[in-house]
Amino acid sequence: MARALPYLLLLPASLFLLVFFFYPFGLVVVESMTRGGEWTTENFTRMTGHWKFSTAFWNTIWLTAIVVPVQLIMALTMASLVQKLKTGRSGLLYIFAIPLGISDLAAGLVWLAIFEQSGFLNSILHAFGIIDRPQLFLGYQSLWVIFLAVVLAEIWRATAIMMVIIVAGMGLIPKEYNEAAEVFGASRWQRFTKVTLPLLRPSLQTALILRILMAFEVFAVVVALGGTTLPVLMGETFQWQFQLQDRGVAAAYAMVILGLSVAFSLVVLRLLHVPKGARI
Amino acid sequence: MTAEASDVPVAATPQVAVNRAGRFLFWAGIGLLVLWVLVPIWFLFVNALSAPAEVTGFPKRFWPSFDLASVQFFWNFQGVTAALWNSVKVAVLTMILAIGMGAPAGYALSRFDFPGKEFFRVLVIMTRAFPLPLLALPLAVMFIRTGLDDTVLGLALVHAMLALPFAVLITFSLFSGIPVELEEAAWTLGCTRLQAFTKVVLPLALPGIMASAVFAFVISWNEVFAAAVLTIENRTLTAFLLQSLNVSPLPLKFAGGAALVLPALIFIFAVRKYLFAMWGIANR
């Protein structure tokens, strides 16, 4: 009995993972490679043949490439500032963590309030006398503004998750390391790059993997700010599944997102690899 | 070169000036980041708490007129209350499912050594390397076959899959933080394993478990993609707002956005103490 207990406790979660994780992922793989019950690559050729595919693919990649590094720097800055604070830490951490609870759709709507034609950006510009009539920012003529709005909304929304992970990670680094470096005359910047950052690698791993994955799944923010004007991979998946009713191509898109996610997770794991003996 | 150097009693050296500039940068940085987080939320609530005519008017005022017409319009809009209620039902079910399955697994991982333990842990961590909302695509078909399509339970099952890895890892770190000696003491005093768990471990772990339950609730409350794929009649609030984005007027969007954000603010406040402890160990 005692020997079986841990397995019994794991049983519900394991069964659940089997039915709702492994089985459906198997289904997606099969669905992306079959059409009408026959093995084919037609789903993929249809997907890549559609004019929106490469735009959606590169939009997603560019969004990730711009947003994630900015967020990493911001999250590290936030965490370092908080670390130095003596009073009011928890209050400040709460404020920084607020966007953690905000959905991508809500974040999109928040930034829509700023960028729409009668929105706050126009009102601010008007108040300073820069413009006298409201500008149309989110039109299809100015794709780059929509892109910029999405970048800002994404940075605003999802920096919190990285900040929380990094703050938690910094809390685990023994103070002695930093003090020792200080004794040996290391400057604040040297201590940050030579002591804190290397010891933070496990947290950076988690933060980057989670965040990069979220970036590949970007969807509702884009829809809220630009409708279908700015295609992204997840949005196209949704379009094929729903509007075009073609589950095969939707599954092919899913495979692309899955492939990107797994590939980049492996890259991050490799780049920030921490040898077994070097863990705190 | 350190902050502590400022108590050196030599005034007006370059060192002091550097420190003063550093101090200014420090507080300016904090101030800017706080504004960066809070001002956009403020704008959303200004819109939600202004009359529809003000929301679409130009130029805007930067404080709300506390006119509840937008909120009323949102509340009375066809399907909104049903969607809100669906969101709550799905989120509560998700919370129960995720904690009901996750907490026992977390307990097993923290208290027992058994063959396959590491395998299970890696498995759970691995699920995070997959874009989970995509699960909704194949499950849509599976649910139609089993009659779970467009039901609250069906969506809650998918959301539970999103929340389960977090629930396992968070409860694992929680239980690991409670000394096993406490349990052993209870056993020697004649408690069964179950009694020791319910009388000793559970009271200690309960606040943390509640925090991870709230986290599961928030995951479900905020999820858009799976909700939009899997529900047609019984939409949740996120799915409802997404599907009506290109037809709904601005006041409805902003009031809806505020309705999504408000519970999140409260929930994050409720679990703020646990956020960092949860992530600290869940990392490793």
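**Exercise 1. State what secondary structure chain A has, and how its residues are placed.**

Solution. Chain A has 13 helices and two strands; helices (H or I, at least four residues) and strands (E, at least two) are DSSP runs, numbered from the N terminus. The model is predicted: local features need pLDDT of at least 70, side-chain atom pairs count only at pLDDT 80 or more, and totals for chains, interfaces and linings use all residues. Residues are numbered from 1 along each chain as its sequence is written, while chains are lettered from A and ligands numbered from 1 in the order in which they are written.

Next, take burial. Of the 280 residues in chain A, 45% are buried (20 or more other C-beta atoms lie within 10 Å of the residue's own, with C-beta atoms placed from the backbone).

**Exercise 2. Describe how domain 1 of chain A meets domain 2 of chain A.**

Solution. Start with the bounds, which come from an automatic or database domain assignment. In chain A, domain 1 covers 1–40 and domain 2 covers 52–278. Their C-alpha centres are 30 Å apart.

Then look at the contacts (C-beta atoms, placed from the backbone, within 7 Å). Five residues of domain 1 of chain A touch six residues of domain 2 of chain A. On the domain 1 side, helix H1 (residues 5–33) of chain A gives the most, with four residues.

Last, sort that side by class. Ala, Val, Leu, Ile, Met, Phe, Trp, Tyr, Cys and Pro count as nonpolar, Asp, Glu, Lys and Arg as charged, and the others, Gly among them, as polar. The domain 1 side in chain A has two nonpolar, one polar and two charged residues.

**Exercise 3. Repeat the description for chain B.**

Solution. Chain B is split into domain 1 (3–70) and domain 2 (72–282). Here 11 residues of domain 1 of chain B are in contact with 10 residues of domain 2 of chain B. H1(B) gives the most to the domain 1 side, with five residues. By class, that side of domain 1 of chain B has eight nonpolar, three polar and no charged residues.

**Exercise 4. Work out how H7(A) lies against H10(A).**

Solution. First, find the axes, which are lines fitted to C-alpha atoms over the stretch in contact, with angles from 0 to 180 degrees between N-to-C directions. The axes of helix H7 (residues 143–171) of chain A and helix H10 (residues 201–216) of chain A come within 9 Å and cross at roughly 165°. Therefore H7(A) is roughly antiparallel to H10(A) (angles over 145 degrees count as such).

Second, list residues: A:Ile161 and A:Ile165 are among those in H7(A) that meet H10(A). The contact of H7(A) with H10(A) has 10 nonpolar, three polar and one charged residues.

How values were computed. Two residues are in contact if their C-beta atoms, placed from the backbone, lie within 7 Å. A residue is buried if 20 or more other C-beta atoms lie within 10 Å of its own, exposed if 12 or fewer, and partly exposed in between; C-beta atoms are placed from the backbone. Angles under 35 degrees count as roughly parallel, over 145 as roughly antiparallel, 65 to 115 as roughly perpendicular and the rest as oblique.
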